[in-house]
Amino acid sequence: MKFIKITLSLLLAFSTATANKSPIGWGRNTTGGKGGIEYHVNSFKELKDALDNNGKPNSPKIIYIESPINGSEDDNGHILTSEELAPGFSLEKYINCFSEDGSKWLDTDECNKIEALRLEGAPKQAEQIMIRITPNTTIIGTGNDSILEEMSLQVKESENVIIKNLSVVAPNDLFPEWDPTDGIKGSWNSEYDAIVISNSTNVWVDNCYLSDGKKTIDTTPFTFGKYIELHDGLLDVVNAADLVTISNNRFENHQKTSLIGNSDSKTTDRGHLRVTIYNNVFVNCDERLPRVRFGKVHVFNNFFYSETFNVGYPALTVKNYFHDDTVFPQYMIGLGVESDVLSERNSFNYGGNNEIKPAEDIVVYSYGGHIFHDNGSEFNGKKLDFDTLAKESFKLKVKTKMAQNAVSGKKNPVWVNATFTTETFEPREYYDYELLDIDSVNDLINKVPTWMFNGYDEIETEVITETVTVYETEAVNDTDDSEDSAEEVDDVEADDAEDSAEEVDDVETDEAEDSADESI
């Protein structure tokens, strides 16, 4: 058995070095608040006031984040709790209103009151933590204290926005919902993305660290056979947003990471959702790296790393665990309806163990998308025919969808009659860019974001290093013999409510974000 070793390092020290001075790709014309008024903020109230810009919210402004800012903080500096937003509610009471296995709701007067309180508290939290980023704005970090947590940055109906040099922690939903009918064994569903780019143009997110922070999923109670998921997405691009660049960021420890397009039925997204994703690092992010509908998306020079054995964020595929295409697996690049995705010079890495070995179908998975091409990427340090992977995934999804609709009597979607093609859009017709060599892409894990690593030899640092053995697969169609041992692993399901929209017409947890937006 061949194997390679990958060393993951994270420096727990920071510097104020910056990355690119201007974006590459679809968001190349973004200038943010250049030439505008400068603000230095240290509280949530100061951030909101700076975005208002003395009553001129659309005028240019540069906002420097100098201290950790918590979006659950009221104007008096008090951190609001679920009990304060909805007196009488607690998550424990809500959990106790289900049967022991979570399969049934206890339809008592007391439990119905708890549910009413949950529904009452959710919009109050949304109003508190969702903050609209106004046009012509740059929000930029200044050092290790530049942390935004428990807030959802809403780049909504805006334009010309830069978010840079920040640590952005995914907000925790204080009123999550358990749905026993979602997926095979039920799912926990939560609201609030860390950053949402919705119906906005010219946006650049650069040199940030986005993660679940200290509240990783494995720190929550294990309830109804699953950890309670309190997070939604890290960075979503939806509702005809356009001309976006996502670069030099580190995404770490998260499940549903980056969604581009949030509904198969949103045909108004056609001609929009043009996004460039380059020089990013994705570590132990389960899926959506990104997951695309409708858009022309260019993914190049990115480093990906996932594990089959991670306690909180296991990446399990159809091939190495589920052996069933009707169950929603983890994946790196997801191809949705009418998506047009070009992947270039990416490094896809997948760690496994003797129980569940890595499988190459982690790289690309089709939810009806049939336009994809890869140029020069590697999987676990070797070349692979990623185009064939994508084609086979599409053919399998067509077969699954037609079989399901034959049973249900539903009409087949148009894409089941499509022909897979590698003829993607050509980015150089729109912008210039340069590809790194694969060794430089692999080194991004030690460089991105730059403020984590530059200047570390001049200040006190602590390095956490983990060496992981990655077993190599031999070929695209190699099946490995992991099926027998996969059953020995804890039953960690990939019950992804958003992706179940492919099987249940347009029912998506991500559309809950749209309704939450309306409460701003």
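How many salt bridges does a search of the whole structure find? The search turns up 16. A salt bridge here is a side-chain nitrogen of Lys or Arg within 4 Å of a carboxyl oxygen of Asp or Glu. Before we look at a few of them, let's see what kind of model this is.

**The model**

What you see is a predicted model, where local features need pLDDT of at least 70, side-chain atom pairs count only at pLDDT 80 or more, and totals for chains, interfaces and linings use all residues. Residues are numbered from 1 along each chain as its sequence is written, and side-chain values use heavy atoms, with hydrogens and water left out.

The pLDDT is the predictor's confidence in each residue, from 0 to 100. For this protein the average is 87, and 83% of the residues score at least 70. Residues 1-19 stay under 50, and the model gives them 82 contacts beyond four places in sequence. The pLDDT is also below 50 over residues 455-520, a stretch with 203 contacts beyond near neighbours in sequence. A contact means heavy atoms within 4.5 Å.

**The sheet**

Helices (H or I, at least four residues) and strands (E, at least two) are DSSP runs, numbered from the N terminus. Two strands pair if DSSP finds at least two bridges between them. Ten strands make up an open sheet with mixed pairing, in the order E4-E7-E10-E15-E20-E23-E26-E29-E32-E33. At its edges sit strand E4 (69-70) and strand E33 (382-383), each pairing on one side only. Strands of a sheet pair through backbone hydrogen bonds, either parallel or antiparallel. Take strand E15 (residues 209-211) and strand E20 (residues 250-256): these two pair in the parallel sense over three bridges. Tyr 209 has Arg 250 in E20 as its bridge partner.

**A buried serine**

Where is Ser 146 placed? You'll find Ser 146 in the loop between strand E6 (137-141) and strand E7 (147-149). Ser 146 counts as buried because its relative accessibility is 2%; buried means under 20% relative accessible area, exposed over 50%, and partly exposed in between (1.4 Å probe, protein chains only). The side chain of Ser 146 reaches the backbone oxygen of Ile 65 at 2.6 Å. Leaving out residues up to four places away in sequence, Ser 146 touches Ile 65, Gly 141, Asn 165, Leu 166 and Ser 167.

**Back to the salt bridges**

Here are some of the pairs, with the distance between their closest N and O atoms.

| Acid | Base | Closest N and O atoms |
|---|---|---|
| Asp 49 | Lys 45 | 3.0 Å |
| Glu 177 | Arg 118 | 4.0 Å |
| Asp 206 | Lys 164 | 2.5 Å |

Asp 49 and Lys 45 share helix H1 (residues 44-52), where they are four residues apart, about one turn of the helix. Asp 49 is partly exposed at 41% relative accessibility, and Lys 45 is partly exposed at 38%.

Glu 177 belongs to strand E11 (residues 177-179) and Arg 118 to helix H4 (residues 109-129), so this pair ties together parts that are 59 residues apart in sequence. Glu 177 is partly exposed at 34%, whereas Arg 118 is buried at 6%.

Asp 206 lies in strand E14 (residues 201-206) and Lys 164 in strand E9 (residues 159-164), so the pair ties together parts 42 residues apart in sequence. Asp 206 is buried at 0% relative accessibility, and Lys 164 is buried at 7%.

Finally, salt bridges with shared partners join Glu 115, Arg 118 and Glu 177 into one network.

Technical notes:
A polar contact is a pair of N or O atoms within 3.5 Å; within protein, one must be able to donate a hydrogen and the other to accept it, and residues adjacent in sequence count only if both atoms are side-chain atoms.
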